[in-house]
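Work through the following exercises with the sequence and the coordinates at hand. Each task is followed by a solution that goes step by step.

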Amino acid sequence: GQAAKYASFSAPQGLGHNTGGDISLNATVMDNDEAGLLLSDLAVNATYDNFGDPLHPGEYTIRLASKPTSVVTIDIGGLGPFANATPQVITIEPEAWNTPVPIFINAGAPSKNRPVCSNGKRFCSLIATSRIENVTHAVRSNDPFYGALTTAAETVRVSINVVYDATNPPAVVSTAFTNVLNSINIAFNMQARLVLAGSSNGVSSSFDCSIVLTLSAVEVSYYFGAGAYCTFASPSSILQVNFGTAARVVPLNRFALRPLAISSAAVGASLRTINESFVIGIPAQPTAPSVELAASSTTVGVCDNLLLDGSSSYGSGGRSMAFKWSVVMENGYAVENISLPFQMASDAMGGMGAQSVMVPSSAMVQGSIFTVTLEATNFLGLVDSKSVTISKLAVPAPVISIQGADSVVSTHSSKLQLMATASLPEMSCVV
């Protein structure tokens, strides 16, 4: 019913036609209700998180002021592009006119960019102050009184504010090979978690490293080896890259986290890493190379060749080491002839260098004294070297050797006996 729509009138009994005096009538109003909307609140608060997404909605309810004769439809509007009402349209049946209908106002940051602060941090001018928006209510109905409302006078004022994270998003503080050289640890400045789909959402099982690093699956295989995978416990401050077969990554290689992949593990944290790159460092206890250089003889006869062997060198870290040979004359002779075998040995194996070199007798000047140095570099960039000084004789030299195995094991109380043998020198070059 609506205001004063229906009334009944009665006159005292026996009263005839009016003769000019006043007449008293009794009037009974059958329904004095008015059409209108009853809102539970005219001011509500809505919040969004530091990332910029809606967090806690503003909430109020709508019900009708009176029972309509037909369905009443209310369109919820008036909001800007970064806020919305749920639902946006409500339909109230006549029998439900007095039942409150909840309305939720969700509001985000006043920008479509995520994170809303372009630097990825907590504070920026876009979210420095709160903003106000007003919710309007447009009414439609075949009921003549509710239909006449069109746009209800009542609006709801929405105060929209950001809820800041407790900290900025995680940052990489160190990245290095582990001591056993089969993985890389990426360390953050806080406990963190994965937030990207497909990453197992922080569970410590393995996952494809391309999910969290800005690398394709092919690039992951190239740098970290076939079968490489990543692990990240929840929460954790360490993201680990586990190598597969034939990894190629070396110190000083630069990589980056995939944007928005990782957030703080703190409750309510919304900010995520962006533009976070890092350079691979060496392990805390790096494997260093150690060069072992053996010469067939340090006094080379006039017709003898020289064999220099560095194959017993170690400390490669599980990958091929690079070998570089050099020679320096000690007594004034020209180095040109003898330098060629060493240059060829350094250039061998695709530039990785050969572990041994044979110097023909003809390349060595009789009477010359020279020092040969072998330098070995492992994939961590660590270097070791060993040198040996050689004399090229102008006369034949016998070859002296120790009989027995190369390695001899003896106890403290045992008697050690070694036997040397001499063989005739090479004489083919003597005329």
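**Exercise 1. Establish what is being read, and with what confidence.**

Solution. The model is predicted. The protein chain has an average pLDDT of 90, and 88% of its residues score at least 70. Residues 1-9 call for separate treatment, since pLDDT stays under 50 there, although the model has 36 contacts beyond four places in sequence for this stretch.

**Exercise 2. Which strands stand at the edges of the sheet of 5 strands, and in what order do the strands of that sheet run?**

Solution. Begin with the order, which is E4-E11-E10-E6-E8 in an open sheet with mixed pairing. Strand E4 (43-49) and strand E8 (89-92) each have a single partner strand and therefore stand at the edges, with one side left without a neighbour in the sheet. Neighbouring strands are turned against each other by 25° on average, direction ignored.

Next, examine one pairing in detail: strand E6, residues 72-77, runs antiparallel to E8 over 4 bridges, and threonine 73 has threonine 91 in E8 as its bridge partner.

Finally, look at the loop between strand E5 (58-64) and E6, where serine 70 lies. Its relative accessibility is 18%, and because buried means under 20%, serine 70 counts as buried. Apart from its neighbours within four places in sequence, serine 70 is in contact with Pro94, Ser141, Asn142 and Asp143.

**Exercise 3. Describe the hairpin formed by E12 and E13.**

Solution. Strand E12 (residues 172-177) and strand E13 (residues 183-194) run antiparallel and are joined by 5 bridges. To fix the register, take threonine 175, which stands opposite isoleucine 186 in E13. The hairpin has 5 residues between its strands, and leucine 181 in the turn has a positive phi of about 65°.

**Exercise 4. Analyse the sheet with the order E20-E25-E24-E22, and state where helix H3 packs.**

Solution. This open sheet has 4 strands and mixed pairing. Its edges are strand E20 (299-300) and strand E22 (322-329), each of which has a single partner strand, so one side of each lacks a neighbour in the sheet. E20 runs parallel to strand E25 (residues 383-392), and 2 bridges join them; within this pairing, threonine 299 stands opposite serine 391. Helix H3, residues 336-347, packs on the sheet by touching E22 and strand E24 (369-377), and the direction of H3 makes about 170° with that of E22.

**Exercise 5. Characterise the ring pairs that involve phenylalanine 255 with tyrosine 223 and with phenylalanine 224.**

Solution. A pair of aromatic rings is described by the distance of the centres and the angle of the planes. The whole structure holds 9 aromatic pairs. In the one between tyrosine 223 and phenylalanine 255, the centres are 5.2 Å apart and the planes make 85°, an edge-to-face arrangement. Tyrosine 223 belongs to helix H2 (residues 217-224) and phenylalanine 255 to strand E16 (residues 254-256), so that the pair links distant parts of the chain, 32 residues apart. Tyrosine 223 is partly exposed at 27% relative accessible area, whereas phenylalanine 255 is buried at 6%.

Phenylalanine 224 and phenylalanine 255 form a tilted pair, with 5.4 Å from centre to centre and 45° between the planes. Because phenylalanine 224 lies in helix H2 and phenylalanine 255 in strand E16, this pair ties together parts 31 residues apart in sequence. Both of these phenylalanines are buried.

As a last step, place the pairs in their setting: ring pairs link Phe177, Tyr222, Tyr223, Phe224, Phe243, Phe255 and Phe379 into a cluster. Arginine 319 lies over the face of phenylalanine 379, at 3.8 Å from the ring centre.

Notes:
Residues are numbered from 1 along each chain as its sequence is written. This is a predicted model: local features need pLDDT of at least 70, side-chain atom pairs count only at pLDDT 80 or more; totals for chains, interfaces and linings use all residues. Side-chain values use heavy atoms; hydrogens and water are left out. Two strands pair if DSSP finds at least two bridges between them. Axes are lines fitted to C-alpha atoms, for helices over the stretch in contact, and angles run from 0 to 180 degrees between N-to-C directions. Buried means under 20% relative accessible area, exposed over 50%, partly exposed in between (1.4 Å probe, protein chains only). Contact means heavy atoms within 4.5 Å. pLDDT is the predictor's confidence in each residue, from 0 to 100. Rings of Phe, Tyr and Trp (its six-membered ring) pair if their centres lie within 6.5 Å; planes under 30 degrees apart count as stacked, over 60 as edge-to-face and the rest as tilted. A charge sits over a ring if NZ of Lys or CZ of Arg is within 6 Å of the ring centre and within 35 degrees of the ring normal.
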